Amino acid sequence: MTNVSTQQYQYDQSQPFYPPETVTRTYSPPSAAPPPLQPRRPSLFRWIILYGVAAVLPMALMVSLLLGLVFRNRTSGPDSGIYYIDYSASDLLTVSSWCATLGVLISGFVMLLFSYTAARSWYVSSSAGGVAWNALPTPLQLALEVQIVGGGGVGALWKLVLYAVGRERAPLPRGLSTAGLVLGMSLILGWGITAADTWLHIAASTGELTTMSPIAGAAMADYGRGLNQRCMDWDDLAEDYPCNLNPAAAVTFLMQDSDAIATAFNTSSNNTIIQANGFALLVPPRPDPQLDYTAGTYALKATCKPISRACNLEGTFGIETKYDCEPAGFSVYKGNLENQTYYDLYPFANDSSGDTRMIYGTPHNPFRFGASAYLASVSRALKTDPEIVSSVHGTFTALFDCSATVYTATYTMRNSSLTNLKVQPANATLTRIVSGVGSAQTYWGPILAQAMLIAGTSNSSKDMAASFAASFARTFLAFASATTSPRTVSSQSLRSTRLVARFPRAPFWCLTILCILYTIFATGIWIAALLAAGRDPQNVAKTQMRLSVEAVTARALEPRKSRSEAQEVGELFEGEAGCGRGWGGAGVRRRVIVMGNEVGGMDVHAVSAPGTAATGMEGGGVAAGIQLEGMGK
């Protein structure tokens, strides 16, 4: 017996591709009534909640975790365009990688959620008669929509694009175009997250970050230097010599000379000399490398220039090299450099006051002095320098006019490097102390002799003068250091260096914003699915089940079972008797074959195994089939 169901549709005859006014649906009832379903709790909202949680919760958790780790462990840094994070960069990038992975994976769940909204739209359009004819999909469009809402991904979207740009096609129904738009948005957001994560991986790095913090309750370090109490109480105007000298009959000694000698040879536990920006500075020998500080001290800067030609220095006879500097007004007068050993120093020759105390230093700041070199060998470049004069017997001589300035200084040390230096000329007391070292030639003589030998290896007389001037400043300040004592620093802070993750703001926020947008987008699809299901739970559940590849396959190959009421898609398929409902078990004896037909096409059939109660193709009594060119009758 055959039942015929007829439904009238009104349509616009001006539109192409529309079927006749009357659509006839013909089907054969099953030979036996299906067994009644066991009453079970509806699973519609359970699946919507499950898909919604899968689509929203993982991404929300991952992006929240990433934001929490970044901003909870964020610390200040020198570059405002970078987040400095006191956390493992590899762990942070692992979290961002999970965001990228989820961005690709959850699109399937998003489309499953959308299938409920699409099912509701399809059912409403189907129930509205001819009024909603244009909203109904063609068979091919239905196939495309089934692929899209089933999580077909890029392949399904590409098929829709090819179909949409085709010349001969039916108009796209709203449900199909909306499904394509939802899938496109999901893929754009997902792959955008992947691209942003790749950008963040390339731009992120691990680097050192140095921070400064005050030392709570700690005493100020004594890294500054100032005159000791003896020199502060010394009346240099009433004395013939400064506080650092102890003149004797034949030799002038330095007070506390052992520490001064140790400072000159860089072995002192109290002081050392560093040179920066042309200045020699007196500083502590081993300050805490983690402590940045600002302190006061003393500095000395010397400059020299060659004056051999100006003083008419020339080799006259044997080892004699005579000179006369008086006409030029230099600090060196006139004489003969014969019998000099490596060098000689002419301190304070410009002082014409007649004050005998000038033997032990001068209050003039800067103070001038002269120097001469008498060397057995110099560099090849110096041998041809016009300021280097060779005696008849082959020794090399030169004259230099020099000036030295004593300063009080304030300097800042950061990360064991001098970063700021402020100087001002010192007073007469300190100038006399430093210049008075010149009267103690027994101490500095060997050091400056060696300095002149080293200067003789320079490439020019100008470089030779600069090398000797630097050695002079370092040496004289070192021998004057015994007159100083420690002073507390004016400011200090503790420096700590640690490895931090460096996240540029641009890729980080690009990734974060895309993840948040994806979460909002998925949440919107989830809410729409709940609203659609809430309006008509039973029909939405049944329609959504049919909007799947499984249901379409069941309708083609399991015509008897697919029309029955079902709560799970597996119930649309018929199994061997006794195997139970659902997806089938080991006892299922039905298989699908493909075979040629009489019109040159291919038929797909569900068949039973030979030797069973029903054998052969359904349609002749056992199975039903479809043709690849179209549905079989």
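**Salt bridges, packing and surface features**

In the predicted model, D401 is buried, with a relative accessible area of 8%. The value falls under the 20% limit, and D401 is therefore assigned to the buried class. D401 forms a salt bridge with R368, and the closest N and O atoms of this pair are 3.1 Å apart. The two residues belong to distant parts of the chain: D401 is in strand β18 (residues 396-414) and R368 in strand β16 (residues 367-375), with their positions 33 residues apart in sequence. The partner R368 has a relative accessibility of 25% and counts as partly exposed, so the bridge joins a buried acid to a partly exposed base.

Side chains of opposite charge can pair when their charged atoms come close. The structure holds 4 salt bridges, including the D401 pair described above. Another one of them is formed by the side chains of R309 and E387, with an N to O distance of 3.2 Å. R309 lies in the loop between β11 (291-306) and β12 (314-317), whereas E387 lies in the loop between α9 (380-383) and β17 (389-390), so the contact ties together parts that are 78 residues apart in sequence. R309 is exposed at 57% relative accessibility, while E387 is buried at 10%.

A salt bridge is also found between the side chains of R498 and D86, at 3.3 Å from N to O. This pair connects strand β21 (residues 491-504), which contains R498, with the loop between β4 (82-85) and α2 (89-105), which contains D86; the two residues are 412 residues apart. R498 is partly exposed, at a relative accessible area of 27%, and D86 is partly exposed as well, at 37%. Both values lie between the limits of 20% and 50%, which means that neither residue is classed as buried or exposed.

Helix α2 also contains S96. The relative accessible area of S96 is 0%, so S96 is buried. Beyond residues up to four places away in sequence, S96 touches L66, D197, L200, H201 and L511.

On the surface, a nonpolar patch is formed by F45, I49, V53, L57, L61 and L530, which together have about 470 Å² of accessible area. Helix α1 (residues 44-72) supplies the largest share of the patch, with 5 residues. L530, in contrast, is located in helix α13 (residues 505-535). L530 has a relative accessible area of 31% and is partly exposed; patch residues must have over 30%, so L530 satisfies that criterion.

Strands β12 and β13 run antiparallel and are joined by 3 bridges. In this pairing, G315 stands opposite T321 in β13. The side chains of strand β13 (residues 320-324) alternate along its length. T321 and Y323 point to one face and are buried, whereas E320, K322 and D324 point to the other face and are not buried.

Regarding confidence, the protein has an average pLDDT of 81, and 81% of the residues score at least 70. Values stay under 50 over residues 1-33, a segment for which the model has 46 contacts beyond four places in sequence. Residues 576-585 likewise remain under a pLDDT of 50, and the model has 16 such contacts for this segment.

Conventions: Residues numbered from 1 in each chain as written. Predicted model: local features only at pLDDT ≥ 70, side-chain atom pairs only at ≥ 80, totals over all residues. Heavy atoms only, no water. pLDDT = per-residue confidence, 0-100. Contact = heavy atoms within 4.5 Å. Helix = DSSP H or I, 4+ residues; strand = E, 2+ residues; numbered from the N terminus. Buried < 20%, exposed > 50% of the residue type's maximum accessible area, 1.4 Å probe, protein only. Patch = residues over 30% accessible without salt bridge, like charges linked within 9 Å, V, L, I, M, F, W, Y side chains within 5 Å. Areas by Shrake-Rupley, 256 points an atom, 1.4 Å probe, with all protein chains shown as cover. Pairing = 2+ DSSP bridges.
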